[in-house]
Amino acid sequence: LSDDFNVSFNVGILYKPYDNLSFGLTYRSRTKTNFEGTVEVVGINKVNATTEIDHPEQLQAGVMYRPNKKLTLTADVVWTNWSIIDSYTVKFDGEVIPSSGKTEENFPRNWKDTRQVRIGIEYKLNEIITLRGGYFYDPSPIPDSTFDMLWPDADKKTYSFGVGLNFWK
């Protein structure tokens, strides 16, 4: 299935009460998606299909604290409204299996809202080298009761490390 075009918007605000402390809040709107493609039961039939599976809105809050000119600490929480995906229906332009009478199929999802947590650290070693590290935990919205190979997903724990190089250009 593919989706050619959709519209969404983002809005955010940054509050910096001190030079070394700032707070941010962003909102990403729900994105309506309409998929079109084909469904094939191998050796039996191939038909065109459509479905709608929207990407949910997100709300993100973060803080940045710089205790000195070398060290920066960050933290974010991202809430995603996955519970809007209670189920979706795939509609076929004919019977997938001839003489079955089946022209659509409903897939219960019962997804759960998630809260992703992110933390980061940046240390300016000198004028050329900056060291960075981060971690985020992203829980899966998919409950065990509706887990299948159509939407394989699991909780994710991600670590990141990096080096920034400044050559004054």
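# A tour of strands and salt bridges

Across the whole structure, a search finds 8 salt bridges, and several of them serve as stops on this tour of what is a predicted model.

**The open sheet.** Begin by selecting β3, β4, β7 and β8, which form an open sheet of 4 strands in the order β3-β4-β7-β8, with antiparallel pairing. The edge strands are β3, residues 34-41, and β8, residues 104-108, each of which pairs on one side only. If you look along the sheet, neighbouring strands are turned against each other by 25° on average, direction ignored. Now keep only β3 and β4 in view: β4 covers residues 45-52, and the two strands pair in the antiparallel sense over 8 bridges. To find your register within this pair, select Gly37 and then Ala49 in β4, which stands opposite Gly37. While following any one strand, bear in mind that side chains in a regular strand alternate between the two faces of the sheet.

**From β5 through β6 to β9.** Next, select residues 58-65, which make up β5, together with residues 71-80, which make up β6; these strands run antiparallel and are joined by 8 bridges. The connection between β5 and β6 is a hairpin of 5 residues, and a convenient marker for the pairing is Ala61, which stands opposite Val77 in β6. Then add β9, residues 114-124, which runs antiparallel to β6 and is joined to β6 by 10 bridges. Here the pair to label is Asp76 and Arg118, the latter being the bridge partner of Asp76 in β9.

**Arg30 and Asp54.** Move to the loop between β2 (21-28) and β3, where Arg30 forms a salt bridge with Asp54, with the closest N and O atoms 3.2 Å apart. Asp54 lies in the loop between β4 and β5, and the pair links distant parts of the chain, 24 residues apart. The two partners fall into separate accessibility classes: Arg30 counts as partly exposed at 37% relative accessibility, whereas Asp54, with a relative accessible area of 10%, is buried. Add Lys32 to the selection as well, since Arg30, Lys32 and Asp54 are linked in a network of salt bridges.

**Arg109 and its surroundings.** Which residues does Arg109 touch, not counting those up to four places away in sequence? Select Arg109 in the loop between β8 and β9 and display its contacts, which are Ile85, Asp86, Ser87, Tyr88, Pro143, Thr146, Asp148 and Trp151. Arg109 has a relative accessible area of 2%, and because this is under the 20% limit, the residue is classed as buried. One of these contacts deserves a closer look, for the side chains of Asp148 and Arg109 meet in a salt bridge at 2.8 Å, N to O. Asp148 lies in the loop between β10 (129-138) and β11 (156-165), so its pairing with Arg109 ties together parts that are 39 residues apart in sequence. Unlike its buried partner, Asp148 counts as partly exposed, at 23% relative accessibility.

**Lys156 and Asp153.** For the last stop, select Lys156 and Asp153, whose side chains meet in a salt bridge at 2.9 Å, N to O. Lys156 is partly exposed, with a relative accessible area of 30%, and Asp153 likewise counts as partly exposed, at 27% relative accessibility.

Conventions. Residues numbered from 1 in each chain as written. Predicted model: local features only at pLDDT ≥ 70, side-chain atom pairs only at ≥ 80, totals over all residues. Heavy atoms only, no water. Pairing = 2+ DSSP bridges. Axes fitted to C-alpha atoms, helices over the stretch in contact; angles between N-to-C directions. Buried < 20%, exposed > 50% of the residue type's maximum accessible area, 1.4 Å probe, protein only. Contact = heavy atoms within 4.5 Å. Salt bridge = Lys/Arg side-chain N within 4 Å of Asp/Glu carboxyl O.
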